[in-house]
Amino acid sequence: MSATVGAGKVVCVTGASGYIASWLVKLLLERGYTVKASVRDLNDPKKTEHLLALDGAKERLQLFKANLLEEGSFDPIVEGCAGVFHTASPFYDDVKDPQAELLDPAVKGTLNVLKSCSKTPSVQRVVLTSSMAAVQCNGRPLTPDVVVDESWFSDADFCRQMNMWYVLSKTLAEDAAWKFVKEKGIDMVTINPAMVIGPLLQPTLNTSAAAIAHLINGAPTFRNTSIGWVHVKDVTNAHILAFEVPSASGRYCLVERVAHYSEIVRVLRELYPSLQFPEKCADDEPFKPIFQVSKEKVKSLGLDYIPLEQSVKETVESLKEKEFVKF
C-alpha cells in the first residue's frame, strides 16, 4: 500500500470505533489520507484509544462526536472531505426493540449522513458499508446451483415475516440510500460483505468474531447455516478501492467462500487439534446447502481474496491475544 495515494486528501469515516471502520481508519492513514472520524462518545477510551494509537493518527486523524439519529450532526465531519465512508450501523443478534435498536439507526442514520453529504460540494463519492444481508434474503432457495450477484436485492416483507431484523435494517438502509443519492445526484458505491472475520483492532468483541469465539469457548453445537465469509482486510481494501478506482460503481458483493458452520469447525479442528470443538449440529435437519456468490464484479476493483483458512486462523490468534478465548 503506497503512503502517497491519499496525501493531501481528506476523507471521513463514520462509526470509526467499529470492527470494519477501525481497519478502514488504519489503512487510510497508511495510504496518507487525513481522516475525520466519528464516534459516539469521545470520552470512552474503548472507542478512541486504539484509533489514536494508529500510525499517522497524531498527524492526520481527527475524532468527532456524532449521533446517527441527530440530523446535522455529521455536517462538520463531512465538511471539506473528498470521500465519505459510512460504516456506522448496529449489528446485534439479541434484539428487544428492533425499531429503536436496529432499524432507526440504520435507516435514519444513513439518510442523516447522506443529507450532510448533499450539502457539501467537496464530496466526490460516498462508500456505504452495506451487507450480503441486503442482497440474498428474498425467499429464493439458496442451493448449490444458485449464483447470487449484485443484481439481487433482499425483500423487506420476507425479512419482516421471518423476524430477520438485522437483515431488514441493512435492506431498508441500502434501499433508502439509493433512492436519496439518485434524487440528489450523489456518486455512491456500496460494499456488501458477508460474515466478516479476521484480526480485531478494537478492544471489544464484535458480533462476527464472537461467532468464532463461541465455537472455541465450549459451544455444545454449531449452527445449521451456510453463509459467506470474508476477511476484514479484504472488506476494508474494497472500500478504499471503491473510492479510488474512478470506474467503481453500484454494489460489490464480498464473499471469499460460502461455507457451512460444520466447515468452519473442521478448519478450526485442523488448525488447533488439541482443542475441543462442538461435534454436533444445533438441529437434526439436513445441513443447509452452500450456494455461490459471483466474484466477477469485485475482480474489476483489483481485489485478491485472503483464503478462509487464513482468515479463521488470524481471527483465533487475535481472539487469543485479546483474551476473548483461552487455551
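Start by selecting strand E5, residues 125-129. Five of its five residues are buried, so E5 is largely enclosed by the rest of the structure. Keep in mind as you look around that this is a predicted model.

Now show the side chains of E5. Arg 125, Val 127 and Thr 129 point one way, while Val 126 and Leu 128 point the other way. In a regular strand, side chains alternate between the two faces of the sheet. Arg 125 is worth a click here: like the others in E5, it is buried.

Next, add the neighbouring strands. Select residues 83-86, which form strand E4; E4 pairs with E5 in the parallel sense over four bridges. To find your place, look for Phe 85, which stands opposite Val 127. Then select strand E7, residues 188-193, which runs parallel to E5 and is joined to it by four bridges. Here Met 188 is the bridge partner of Val 126.

The last stop is an empty space. The structure holds one cavity of 30 Å³ or more, and the volume of the largest cavity is about 70 Å³. To see its walls, select His 86, Thr 87, Ala 88, Ser 89, Ala 106, Thr 110, Leu 128, Thr 129, Ser 130, Lys 170, Ala 173 and Glu 174.

Which elements each supply at least two residues of this lining? They are helix H5 (98-118), your starting strand E5, and helix H8 (165-184). H8 gives the most, with three residues. Try colouring the lining by residue type: four are nonpolar, six polar and two charged.

How values were computed: Residues are numbered from 1 along each chain as its sequence is written. This is a predicted model: local features need pLDDT of at least 70, side-chain atom pairs count only at pLDDT 80 or more; totals for chains, interfaces and linings use all residues. Side-chain values use heavy atoms; hydrogens and water are left out. On a 1 Å grid over the protein atoms alone, a cavity is a set of points where a 1.4 Å probe fits but cannot get out, and a pocket is an open set with protein on both sides within 12 Å along at least five of seven lines; lining residues have an atom within 4 Å of a point. Grid points are joined across faces, edges and corners, and a volume is the space filled by probe spheres set on the points. Ala, Val, Leu, Ile, Met, Phe, Trp, Tyr, Cys and Pro count as nonpolar, Asp, Glu, Lys and Arg as charged, and the others, Gly among them, as polar. Buried means under 20% relative accessible area, exposed over 50%, partly exposed in between (1.4 Å probe, protein chains only). Two strands pair if DSSP finds at least two bridges between them.
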